[in-house]
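Trainee: I've got a new structure open and I'd like to learn how to read a strand in its sheet. Can you walk me through one?

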Amino acid sequence: MKAKQKAATHAIAPARGRLGVLTPGMGAVATTFYAGVESVRRGLATPVGSLTQMGTIRLGKRTEHRSPLISKFVPLAKLDSLVFGGWDPIPDDAYTAAKKAGVLEKDHIEAIAPFLKQIKPMPAAFDQHWVKKLKGMHVKKGKTKRDLAEQLREDIRQFKKINKLDRAVAVWCASTEIFLKPGAAHRNLKTFERAMDRNDASIAPSMLYAYACLMEDVPFMNGAPNLTVDIPAMLELANERGLAVGGKDFKTGQTLMKTVLAPMLKARMLGLAGWYSTNILGNRDGEVLDDPESFKTKEESKLGVLEHILQPAMYPKLYGKIYHKVRINYYPPRGDNKEGWDNIDIFGWMGYPMQIKVDFLCRDSILAAPIVLDLALFTDLAQRAGMHGIQEWLSFYFKSPMAAEGLTPEHDLFIQHTKLKNTLRWLMGEEQITHLGVEYYEYDAE
Ligand SMILES: NC(=O)c1ccc[n+]([C@@H]2O[C@H](COP(=O)([O-])OP(=O)(O)OC[C@H]3O[C@@H](n4cnc5c(N)ncnc54)[C@H](O)[C@@H]3O)[C@@H](O)[C@H]2O)c1
């Protein structure tokens with residue numbers, strides 16, 4: 001019964017030097033992330049919500065009492081080594097953008113004002129066709145989409161050089177683009193590059209960033225629901241160049257709740273008749289999502305969750321007729337302080353109906369900022385450990401996780417959490433924890 005599955009410790013390059021964190025998009029999420037990290041570095045704040053900074057990991061048997069901090073267990077980059085950069089079609093520096101975003105209180109922003117003021121956005125690869133509600137005034141010009149990608153590559157090279165960076169990672173924190181299905185141009189790297197040259201309509205700006213980052217050896221994580229790196233061409237490029245990628249769409253508020261509650265229903269074999277989710281939010285993201293085409297991208301990302309968790313084909317009597325609706329309503333008075341309601345119609349023993357109501361008064365960017373930090377640090381770790389392609393172990397952070405072809409993505413938050421921690425154990429040559437536990441009881445005696 002004492003199965004040992006110690007993996008050989010992986011060779012992980014040390015986290016030497018400085019790590020650049022590039023965010024396409026310098027709005028509410030990105031500036032809350034920069035400001036939070038700097039406040040933590042100065043001892044002014046606690047990194048609540050960040051697994052890399054606050055989480056521990058159990059190693060070995062429960063009787064061994066070994067539970068180090070994750071940051072002591074795996075060789076993560078230190079917060080002091082992080083350098084921030086970004087692009088935005090709005091020319092505001094991070095100080096002005098943070099003030100406009102209205103997430104952080106004045107005192108928090110003013111305490112680090114000089115730091116935030118020096119983070120100035122690079123001109124964006126932007127096209128209003130993809131984000132209808134925004135007007136870009138700080139944008140790159142180029143004859144072809146390939147020209148724009150080349151300019152982004154040059155930005156990355158300069159950013160690395162000026163800041164004397166050892167390595168960099170990118171986390172997409174820009175607006176949600178309009179809905180797009182994978183098409184012929186995305187099929188492989190060759191078709192993608194040709195499509196950039198002829199300004200093909202199916203090449204979105206976010207794809208140009210992903211392409212530029214990967215070409216400059218910068219792994220890329222996607223915090224929005226747009227396809228971006230989730231197309232064969234980008235996966236080919238990432239695998240060819242040995243780079244880590246992942247996405248899509250930070251899992252923060254309502255979907256976080258959904259991926260906790262739905263597994264509970266399934267674990268107890270309770271039925272579900274309907275799940276109505278609605279939100280009000282008043283930040284710029286809410287305004288962008290007020291456009292039906294951008295909302296469609298978000299809706300797809302939010303809707304898939306229940307189907308994957310509840311497996312209606314396997315449990316038709318319990319989940320065969322679910323009515324699932326998701327609404328996002330732009331309501332300016334609330335700013336970044338979103339309110340998400342869920343009305344869940346369930347049924348139990350002999351089909352008797354019951355209801356669950358959730359009212360989550362959350363703060364969008366306060367929930368998203370620690371995710372950006374964890375993704376940056378874990379992606380850098382994966383990269384140094386030679387893990388390339390889709391980082392499925394980081395599904396924990398995403399609403400619509402990318403997975404290898406033919407695999408159904410894992411949405412259950414606690415399975416995702418176990419997967420993440422087991423990956424860390426595997427990386428460091430520690431035993432996987434299966435929670436079997438029979439070894440603690442008599443019948444385990446050999
Ligand atoms: N906050 C959350 O809880 C949460 C959760 C999941 C996903 N997201 C996603 O994260 C992203 C950022 O959210 P936010 O609240 O910071 O939004 P935001 O509107 O405050 O910031 C987005 C920024 O991206 C910029 N932008 C748009 N197109 C760009 C381009 N092509 N290149 C560079 N910059 C561009 C915009 O000008 C804006 O400043 C959104 O896509 C949102 O849907 C957020």
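**Reading a strand from its neighbours**

Mentor: Sure, and keep in mind that this is a predicted model. Let's begin with one pair: Trp172 stands opposite Asn222 in strand 4.

Trainee: How many bridges are there between strand 3 and strand 4, and do they run parallel or antiparallel?

Mentor: Three bridges, in the parallel sense. Look at Ala170 too: its bridge partner in strand 4 is Phe220.

Trainee: What stands opposite Ala170 in strand 1?

Mentor: That's Leu22. Strand 1, residues 19-24, is joined to strand 3 by four bridges, and these two are parallel.

Trainee: Where does that put strand 3 in the whole sheet?

Mentor: Read the order: 2-1-3-4-5-10, an open sheet of six strands with parallel pairing. Strand 2 (82-87) and strand 10 (389-390) each have a single partner strand, so they stand at the edges and one side of each lacks a neighbour in the sheet.

Trainee: And how do I think about the faces of a strand?

Mentor: Here's the general idea: side chains in a regular strand alternate between the two faces of the sheet. In strand 3, Arg167, Val169 and Val171 are on one side, while Ala168, Ala170 and Trp172 are on the other.

Trainee: Are those two faces of strand 3 covered or open?

Mentor: Both are covered, with the residues on each side all buried. That's six of six residues for strand 3, which spans 167-172.

Trainee: Which strands does helix 7 lie across?

Mentor: Helix 7 (residues 145-162) lies across strand 1, strand 2 and strand 3, and it runs at about 145 degrees to strand 1.

Conventions: Residues numbered from 1 in each chain as written. Predicted model: local features only at pLDDT ≥ 70, side-chain atom pairs only at ≥ 80, totals over all residues. Buried ≥ 20, exposed ≤ 12 C-beta atoms within 10 Å, placed from the backbone. Pairing = 2+ DSSP bridges. Contact = placed C-beta atoms within 7 Å. Axes fitted to C-alpha atoms, helices over the stretch in contact; angles between N-to-C directions.
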